[in-house]
Amino acid sequence: MNRKTKRDLAVNILIYAILLLMIVVAVFPAIWMISTSIKDVTELFDMPPEIIPDHPTFGNYLKVLGNSKMFRAFFNSAFITACVVLLTLFFSVLAGYGLARYQFKGHGLMKVALLFGQMVPGVVIIIPLYSVFTKLGLLDTHFSMIVADMALTIPMGVIMLSSFFEGVPKELEEAAKIDGTTGFGALFLVVMPIAKPGLISVAIYTFINAWEEFLFAMNLSMSTKTRTLPIAINAFAGEFAVDWGATMAAAALVALPVLALFLLCNRYFVQGLSDGAVKG
């Protein structure tokens, strides 16, 4: 084995070691969450800690599923997330198509503004949103939380879909129009099927952001009427103690839909991000 081969082998070993470390760091919190969720209260603070409990139990999950407030929170999360996903797709398709197909005054400025909107963290806009919704009497409503979530999801959706639409040949739309299809017909019947990976990517991105959103839900929901799952998890934290088993069980149940969706649509999500980046 020559010197170059030894050096290449050492570099490969180092790279794989770093990747393995990153995987462990990324996956360990989820493993610990599942482990804690099936532990009895007597095993939660064992020293040294054990990942596999001696007496696993699903009592924590039964406690969570037996909590009526969690069902209301699940409905709120599902309703808000569905509305945010559908509305984000609707507005992103129209705005992204307009940016991709039409050149108008301020076209470049609008793209920069979208990028700026994507870079602005939610903590910057929560105070103005809270002030506006308070004056309009919209605090503690589903509408306020849907609008707040869309303020962060629409910019990314428009950016991604405009990149996809730019990669669709205009000749296909022109041929459809010659056959008698309207402009909207060409968009929905010709362009959107081709851009399906992009639509799925935007839908998954929006779903994850809306389903797990915490900041807006914490500040804009005042009662169980609008409280979502990430906020409802706090119900298992008392004034002087935290029910870690139930808390972790609730967190696992909240993460389950996101994990299932990502596993089912992972191929489209990766393809959508990569294609959008190349075409953009």
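Good morning. I begin with a single residue: Arg101 counts as buried, because its relative accessibility is 13%, and the cut-off for that class is under 20%. Please keep in mind throughout that this is a predicted model.

Where does Arg101 sit? Arg101 belongs to helix α3, which runs over residues 68-101. Setting aside the neighbours within four places in sequence, the contacts of Arg101 are Phe165, Glu166, Val168, Pro169, Lys170 and Glu173. Lys170 is 69 residues away from Arg101 along the chain, yet the two C-alpha atoms are separated by 8.5 Å.

I turn next to the cavity. The structure holds one cavity of 30 Å³ or more, and the largest cavity encloses about 70 Å³ of space. Which helices supply at least two residues each to its lining? They are α3, α6 (142-166) and α9 (196-211). Of the elements involved, α3 gives the most, with three residues. The full lining consists of Ser77, Ile80, Thr81, Met145, Asp149, Ala210, Trp211, Glu213, Ala217, Thr228 and Pro230. How does that lining divide by class? Six of the residues are nonpolar, three are polar and two are charged.

Let me now consider helix α5, residues 122-136. This helix has 15 residues, so at 1.5 Å a residue it should span 21 Å; the C-alpha atoms at its ends are 20 Å apart, in agreement with that expectation. Within α5, the buried residues include Gly122, Ile125 and Ile126, and Leu129 and Phe133 are buried as well. What do these buried residues pack against? Their partners are α6 and α10, the latter covering residues 215-220.

Tyr130 also lies in α5. In contrast to the buried residues just named, Tyr130 is classed as partly exposed because its relative accessibility is 35%. Beyond four places in sequence, Tyr130 is in contact with Leu139, Asn219, Leu220 and Met222. For one of these, Leu220, the separation from Tyr130 is 90 residues in sequence and 6.9 Å in space, C-alpha to C-alpha.

The segment after α5 deserves a word on backbone geometry. Gly137 follows the helix and has a positive phi, near 70°. Asp140, in the loop between α5 and α6, likewise has a positive phi, of about 60°, although Asp140 is not a glycine. Is Asp140 buried or exposed? Asp140 counts as buried, because its relative accessibility is 12%.

I move to helix α1, residues 3-37, which contains Ser35. Ser35 is buried, since its relative accessible area is 4%. Which residues does Ser35 touch, once those up to four places away in sequence are not counted? They are Glu50, Ile51, Ile52 and Pro53. For a sense of scale, Ser35 and Ser162 are 127 residues apart in sequence and 43 Å apart in space, C-alpha to C-alpha.

A contrasting case is Val112, in helix α4, residues 107-119. With a relative accessible area of 51%, Val112 is exposed, because that class begins over 50%. Between the C-alpha atoms of Val112 and Phe71 there are 41 Å, with 41 residues separating the pair in sequence.

Finally, I come to the database annotation. Where does UniProt place the feature "transmembrane region"? The entry, which is unreviewed, gives residues 12-34, 73-100, 112-133, 145-165, 186-208 and 244-264. Two of these spans can be set beside the model. Residues 12-34 are 100% helix and 0% strand, with end C-alpha atoms 33 Å apart. Residues 244-264 are likewise 100% helix and 0% strand, and there the end C-alpha atoms lie 30 Å apart.

To close, I return to two of the points above. The lining of the largest cavity draws at least two residues from each of α3, α6 and α9, and the buried residues of α5 pack against α6 and α10. Thank you for your attention.

Methods: Residues numbered from 1 in each chain as written. Predicted model: local features only at pLDDT ≥ 70, side-chain atom pairs only at ≥ 80, totals over all residues. Heavy atoms only, no water. 1 Å grid on protein atoms, 1.4 Å probe; cavity = no way out; pocket = protein on both sides within 12 Å on 5 of 7 lines; lining within 4 Å. Points joined across faces, edges and corners; volume = space filled by probe spheres on them. Helix = DSSP H or I, 4+ residues; strand = E, 2+ residues; numbered from the N terminus. Nonpolar A, V, L, I, M, F, W, Y, C, P; charged D, E, K, R; others polar. Expected span 1.5 Å × (residues − 1). Buried < 20%, exposed > 50% of the residue type's maximum accessible area, 1.4 Å probe, protein only. Contact = heavy atoms within 4.5 Å. UniProt positions renumbered as here; feature names shortened; annotations may be inferred.
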